[in-house]
Amino acid sequence: MSKNSFLSKKNKMLLSDPLDDNNPITVQVLGICSALAITVQLKPAVVMALSVLVVLSVANVVVSLMRKMIPSRIRIIVFLVVIATLVILVDQVLKAFVYDVSKELSVFVGLIITNCIICGRLEAFAMANPPGKAFLDGLGNSFGYGIILIIVAFFRELLGAGTLFGYPVLEKLGVYDLGYENNGMMILPPMALVTVGVLIWWQRARNEKLIENYANSLDIVTLDQEVRSVIQSNQAFQVEGQFSEDRYSQILRLNSYNPISYEIAQSKALSQEQIKRNLSESSFLSKVQNQQLNDLVSQQREVSYIAISTDKYIDIVDVDQNQISDYFNENNFNFVEGRKVKVDFVEMSLDSIDEPANPDEDTLQSLYEDNTELYTNPEQRRAQHILIEDEGLANVLLVQIKEGADFAELAKVNSEDSSSNDNGGDLGFFEKDLMGAEFDKAVFAMNIGDISDLVATDSGYFHIIKLTDIKDETTQSYDEVKDQLVALYKKNAKQKTLFDLQEEFASLAYEESLDMVADQLDLEMQTSDFFAQGSGDYDQAFVAAAFSEEVIENSENSQVLELDGGKFVVLALSSLQPERQKELSEVEDQIRSILRNIAAKKLIDDLSLSIASSLASGDEVMSKKLLADVDLEWNSEGWIERSSDLPFNLASIAFTIPKPADGEHTYSSRSVNNSTSLVIDLSGVRTPEEVTDTGVGELYLSQENNEMFVALIKQLRENAEIKVFTDLL
Amino acid sequence: MDVNKNSYTFSFAAIMVVVVAALLSIAAIALKPFQSKNVLLEKKQNILSSVGINIDREDADVQYPLYVKQELVLNANGEIVDGIAFDVDLQKELKKDKNLQLLPLFISEVDEKKQYIIPLRGKGLWGPIWGFIALEDDLNKVFGAVFDHKGETPGLGAEINRPFFEDPFAGKTIFEDGELISIKVIKGGAPKGDMHGVDGISGGTITSDGVSDMLYERLNMYLPYFSKVKSEMDNDLNISKTDTLLTLNDIIIK
């Protein structure tokens, strides 16, 4: 552990927390027995505090060091052994070197063993943390324990005996002369409890954090454990399947969380989930409802349609000049040309790098050796196979083949591999790792002409394989690939030069003007045409950089952009053409075509509507005339489902049309896009005889739950009092 | 390694026990000489303290022989037997039958007067209590007393080793009309003028009673010796009277 992290904020909290917010005696209410027993006088209280300090810190470190070795079933026993050993050692050392103190402590050194704080810290902290932290935790908790002990002892000795550390304070102050008498009660154990009680009251009344904790205490206990277990079961925080505290904090750090904020976020998510879970158990769906939903989802409809396109009418409709100028005036905000820029840029690419000199033989030779795999063709094998799902049939075929039946013939008839059975099961040449592990294992162990036993693969199929040919691994010789090697060498060299230069390029571009950059690096400065934001004429990153704040507003060089094709580019603004309202003359043709489209669309909408209504009203003459006039035909789709893939999104439209009575038709018209209108004939609705469970019930339930949750949140929001801290805004 | 396997658990426990046992044994053996020295010095210090000589523990070795002139080991009949009084372990003696116990006795001289120092050992609330009571040469009047304990409650029973408790013993008497009354530690305080009682300690009643019992039992053991010494003293007194008379006679004769 580095020194830096040892004194981190979190580690400091290990020391400071137990002094107040998480005091073992007054907050956790542990170690009360010793707080009662040895607080009659200051001296034993101080010595006890020191002994606990030694025992707890060392025990914490010892247990932390052994934390991965201790079998969990006997861990408490191990704790007790560690503590007891330390206590005995401390007692022995005291007896040998500070005899008076050991006499003073007498039985209470032994009592440390039963001090629940120590066992508690070992179980709660040392078992899960590295020794350094465990040591700090031990110190912190001992201080927290000791300070309370000393405070209690101070009052008990002063008020009970009138002395401090045996020195008769009150007598010297002359308090007795005023008629004061020692309060013998203070010496008795119950008064220790009262004193501790007063301390607890004083501390909690003063510390708002504790008041809050108290209010939430029950929730927090259960929630913390749950959160903890959720976090610990998260694989991201595990090392070899075990939750790792180090990894946990490392990952949190990387994601700029700290454990506290992360745990709060987790606990919020958990409680939301819990509410949702509770809600989900409150919604239900009956069998009949479920059946109805499934029926609806699987419903089929018989549909035919006429599609009317604007194409025929666009040239017929007429648009006059007034309409055009009106449209222009109303919509002139649509006829604005965005700002455009023209930029200077310097480009550095492999092409701009000088051709390197030809390499010597040695370099080429070693390049060849380093890249032999590039010039090696691995071993290939050719095989025929029969693919069978049924193991029984496969075995029958295998026997037939072994008895001399024609492999190709059997493959043609029986193989379920449709891509190869026509060729007698021939798979052609293939390398390793293409056919799957089991297949490879069999094929690459066979000799030409061998026939495999059944080869089972993960997919659940069985193969019978016949090896028909082998192409050995071949490696092209150095001489054969020498030209390629030279090219490879030059490419690598240029690449390297480019990357080296790129750094210089970036720093120059940051400091110098663009022409200086071009000059220094012996590159050409180029200039673009004007282009608009979002233009496709140049690379996307290039356009974005040209319109960036630093280029347009600050007139600086852009960052070095890495474009496709290994190009590096820096650009700077050459000139800016601001936003401009277009003239009517520029857009007249565009508007005319828009207006024509609108008019044509209206025409076909009317037409489709009148066809549909004449059909619906049974006016066959009229409808036939209309159809004949415009030369339209019915397209029949037959029975369709909701999921059927039809032109004009017809399936979803058809399922919104009211259901016709039996034997009747429902005719309707729909506009489906800017250039098409439909006349739709719905001539039947049916439910298939066998409806499978489509899972729609669950979908419905989850949706309902979601709605309930949203409603609940909404209601909670409405009921909540919201206070705005204006002084904080 | 699976730390939850039975075999692992057992071997872990076994190894742990052996390691801990070894560690503690080594510590105990290594520290023993220091601890024994402390106990020895404290005993000397306590013996001196019972006759009003208060010194630092470190000086006990040097000071002790200056005051303690005789160390006797007695048997139950009050006869002097062979042995080193200082090494008699009362803890062991108390377990023996009364008639077989060895009784250590220290005789000191302070301001040219003889004191008989009797080691005490008894039971307190949590564990043993012990001490020394020093009698003046009349074997009745208490010259001084010290007490100590192993693990009495701090602030309560543990206060028996404090001067406010020990000092009042001096000047009390243990006999009344030739009968051993010993000295009682009286709960709630001894009445004024009580020659056989001292104030008890509030909250330390059981320890106080332990002190009373200890005093009575231990002093009782020394009665045979006391009567012997007293009769010897009477003889001495008679002899000295005779001497005086003789001298007077001589004078008269002359």
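Reply: Let's start with a rule: two strands count as paired when DSSP finds at least two bridges between them. Keep in mind that this is a predicted model.

Me: Okay, how many bridges join strand β1 to strand β3 in chain B?

Reply: Six bridges link β1 (residues 68–74) of chain B with β3 (residues 103–110) of chain B, and the two run antiparallel. For one rung of that ladder, look at V68(B), whose bridge partner in β3(B) is S108(B).

Me: And which way does β3(B) pair with β4 of chain B, parallel or antiparallel?

Reply: Antiparallel, over five bridges, with β4 covering residues 113–123 of chain B. Here F106(B) sits opposite I117(B) in β4(B). The hairpin of β3(B) and β4(B) has two residues between the strands, and in it D111(B) takes a positive phi near 50 degrees. As a general idea, side chains in a regular strand alternate between the two faces of the sheet.

Me: Now chain A. What is the strand order in its open sheet of four strands?

Reply: Read it as β8-β7-β10-β9, with antiparallel pairing. The edges are β8 (426–430) and β9 (455–456) of chain A, each of which pairs on one side only. Three bridges tie β7 (residues 380–388) of chain A to β8(A), and these run antiparallel. In this pairing, R381(A) faces F430(A) of β8(A).

Me: Which helices pack on that sheet?

Reply: One of them is α19 (residues 391–402) of chain A, which touches β7 and β10 (462–471) of chain A and makes about 45 degrees with the direction of β10(A). Another is α20 (residues 407–414) of chain A, also touching β7 and β10 of chain A, with its direction at about 50 degrees to that of β7(A).

Me: On to burial. Is A161(A) buried or exposed?

Reply: The idea is to count neighbours: 20 or more other C-beta atoms within 10 Å makes a residue buried, and 12 or fewer makes it exposed. A161(A) is buried because it has 21 C-beta neighbours inside 10 Å. You'll find A161(A) in helix α9 (residues 131–161) of chain A. Leaving out neighbours within four places in sequence, A161(A) contacts N182(A) and I187(A). N182(A) is 21 residues away along the chain, yet the C-alpha atoms of A161(A) and N182(A) are separated by 5.8 Å.

Me: Why does D21(A) count as partly exposed?

Reply: Its count is 15 C-beta neighbours inside 10 Å, so D21(A) falls in between the two cut-offs. D21(A) belongs to the loop between α2 (9–16) and α3 (32–37) of chain A. From D21(A) to G144(A) is 123 residues in sequence, and 9.8 Å in space, C-alpha to C-alpha.

Me: Which residues have the most contacts inside the largest nonpolar core?

Reply: V55(A), A59(A), L149(A), F132(B), I133(B) and A134(B), in a core of 89 residues. Helix α4 (residues 42–65) of chain A gives the most to this core, ten residues. Another core, of 24 residues, lies apart from it and includes V341(A), V346(A), L514(A) and A546(A).

Me: Last one: how many residues does each chain bring to the contact between A and B?

Reply: In general, the size of an interface is often given as the accessible area lost when the parts come together. Here we can count residues: 25 from chain B and 25 from chain A. The side of chain B that touches chain A has 15 nonpolar, eight polar and two charged residues.

Key:
Residues are numbered from 1 along each chain as its sequence is written. Chains are lettered from A and ligands numbered from 1 in the order in which they are written. This is a predicted model: local features need pLDDT of at least 70, side-chain atom pairs count only at pLDDT 80 or more; totals for chains, interfaces and linings use all residues. Two residues are in contact if their C-beta atoms, placed from the backbone, lie within 7 Å. Ala, Val, Leu, Ile, Met, Phe, Trp, Tyr, Cys and Pro count as nonpolar, Asp, Glu, Lys and Arg as charged, and the others, Gly among them, as polar. Axes are lines fitted to C-alpha atoms, for helices over the stretch in contact, and angles run from 0 to 180 degrees between N-to-C directions. A nonpolar core is a set of buried Ala, Val, Leu, Ile, Met, Phe, Trp, Tyr and Cys residues joined through C-beta atoms within 7 Å.
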